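Visitor: Hey, got a minute to walk me through this one?
Guide: Sure, let's pull it up.

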Amino acid sequence: MGESSRRRFVARSLAAASTLMLGGCYDLSEKTWFTDALGSVERLTRRAQHLFAGPHALAPEYSKADIAPVFRANGTLDPGTPDYAAHAASHFEHWRVTVTGLVEKPLSLSMAELKALPSRTQITRHDCVEGWSCIGEWKGTPLALVLAAATPKPNARYAMFYCADPMTAEGDPDHYYYESLALAEAVHPQTILAYELNGQSLPVAYGAPVRLRAERQLGYKQPKYVRQIDLVEDFSHIARGKGGYWEDLGYTWYGGI
Amino acid sequence: MPTHWKDAALKALGIVGKPRDFFYRHRAWVRVAHWLNAVCLAILLMSGLAIFNAHPALYIGNGSDFQHPVLSLTAMQDREGSLTGYTWIGGHPFNTTGVLGASKENGQWTMRGFPSWATLPGPQWLAMGRQWHFAFAWILVINAILFFAYGLWSGHFRRDLLPTGRDIAGLPHEVVQHAKFHFPRGEAARRYNALQKLAYVFVIFILGPLIVLTGLTMSPTMDAAFPILPWIFGGRQTARTIHFLCAFSFLGFFLVHIAMVVLSGTWNNLRSMLTGWYAIGKENDHG
């Protein structure tokens, strides 16, 4: 092989490789085996992060001076259903949060009962998957207390959260927003059922009357308008099987990064 | 490898039978790490831009002051429906239609931070951009850990990258030589010059660790594990801004690197990073 033909060969190989790479990346994004491989990366990330954070490490907390003047409201700003409107009109007097599934004592708590339990107040940073952050002061009932009252059965592994905001056409399996957390994250001390933001009753745009705060997770793991907490062993049979509304659309179930 | 195979391979690559002096410049582990890095950095940059496009604005501090981003890419639509893209730097708009803020995606004008040719995936798809980014971040970090371990153990860092007193003393002269596009030839090309050493030291020991740590700082779980992370970088949003600047510093390094490869002999450099063999040849050899 002569010098020039050899060089042509190398140049063509490099050009072909980079074209294949860039052109192929998008096609790969639609291939099942490839997205499965990326899914195993998610497990690796989750395990590695848990190795460092463990079940107890606390998210940073901030001072009053750090609170954002305007906390960005994101996702559903008003569920807009007649049922929700009626609840809002009566100041959520009849709103109930139920705890069901793999528990010894199913619960149905009114807002007054939820607020009668010990509360935790925390000034934390909300991190959206899009990239922005806002600091706010949240007050609510530690979920660990609520779950302890319901007494999870030994085979309970995940807490599913079912919400009042419709996301898709009626009749879809995930018509309403839903999410899930591993039980360990659900009983983390900063995981609370929040009913106040910055000293005020939770406004509708932020998830009135009660939303989840899971401070070591991204925003989409912290559902608003929570109606039901269902403990399960496995969520593969629920809706599209990925453990949450956004997960069903391709976002990772692990939302710690 | 039997000797005649090796001879045939070297001959095919043009490494024997010429009045040139070749020397073995890059060992196999350096070459593998180099190309793996090249693939990772390309994918990380492009998927990073796809993620950035989900909220194309940068801030200082822990939270986002939406009214005062340090940089943002926006688009405005006029009454006829045509789009104008703007890049805002510290409150000053610059018209960047076609590239930043508004660009064509499959022939259609679209509001998007970076254009589709620069992002992975091309269409706006945050979930997939994140999956690509984290997968290749793992490969980059594992590659870097092995590279660091072997670089320290083998003496590569100390022998080849650590600038010597003579390097520092000769720096002004070397800057002038580079500015005149005079590059070391002959025996001097056997070792990295001071500018090369400083560039590689900066990228390997400062830029690399910085981009990984600022990336980790954006993870809420990592901030719980290591609260010092957001603290040292002055907040999560500052970390995100530094991460972005690091990415473009890598791009800048890449462009200078490619320019130097071309100016100092494309084929000779490419051969040495593919096969290890570098021709030092004559003073005027252009490889």
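Visitor: Is the crossing of helix 2 of chain B and helix 10 of chain B left-handed or right-handed?
Guide: Left-handed. Keep in mind that this is a predicted model.

Visitor: And what's the angle between helix 2 and helix 10 of chain B?
Guide: They pack at about 140 degrees, and their axes are 11 Å apart. That angle makes helix 2 of chain B oblique to helix 10 of chain B, because only angles over 145 degrees count as roughly antiparallel.

Visitor: Which residues make the contact?
Guide: From helix 2 of chain B you have B:Leu41, B:Leu45, B:Gly48 and B:Phe52. Helix 10 of chain B brings B:Phe244, B:Ala247, B:Phe250 and B:Leu251. Seven of the contact residues are nonpolar, one is polar and none is charged.

Visitor: Switching topic: how many residues of chain B are in contact with chain A?
Guide: 33 residues of chain B, and they meet 41 residues of chain A.

Visitor: Which helix of chain B gives the most to that side?
Guide: Helix 3 of chain B, with seven residues. The side of chain B that touches chain A has 20 nonpolar, ten polar and three charged residues.

Visitor: What about the sheet in chain B, how are its strands ordered?
Guide: It's an open sheet of four strands in the order 2-3-4-5, with antiparallel pairing. Strand 2 (57-58) and strand 5 (92-95) of chain B are the edge strands, each pairing on one side only.

Visitor: How many bridges are there between strand 4 and strand 5 of chain B?
Guide: Four. In strand 5 of chain B, B:His92 is the residue opposite B:Ile89.

Technical notes:
Residues numbered from 1 in each chain as written. Chains lettered and ligands numbered in written order. Predicted model: local features only at pLDDT ≥ 70, side-chain atom pairs only at ≥ 80, totals over all residues. Axes fitted to C-alpha atoms, helices over the stretch in contact; angles between N-to-C directions. Helix = DSSP H or I, 4+ residues; strand = E, 2+ residues; numbered from the N terminus. Parallel < 35°, antiparallel > 145°, perpendicular 65-115°, else oblique. Left-handed = near helix turned anticlockwise from the far one by under 90°. Contact = placed C-beta atoms within 7 Å. Nonpolar A, V, L, I, M, F, W, Y, C, P; charged D, E, K, R; others polar. Pairing = 2+ DSSP bridges.
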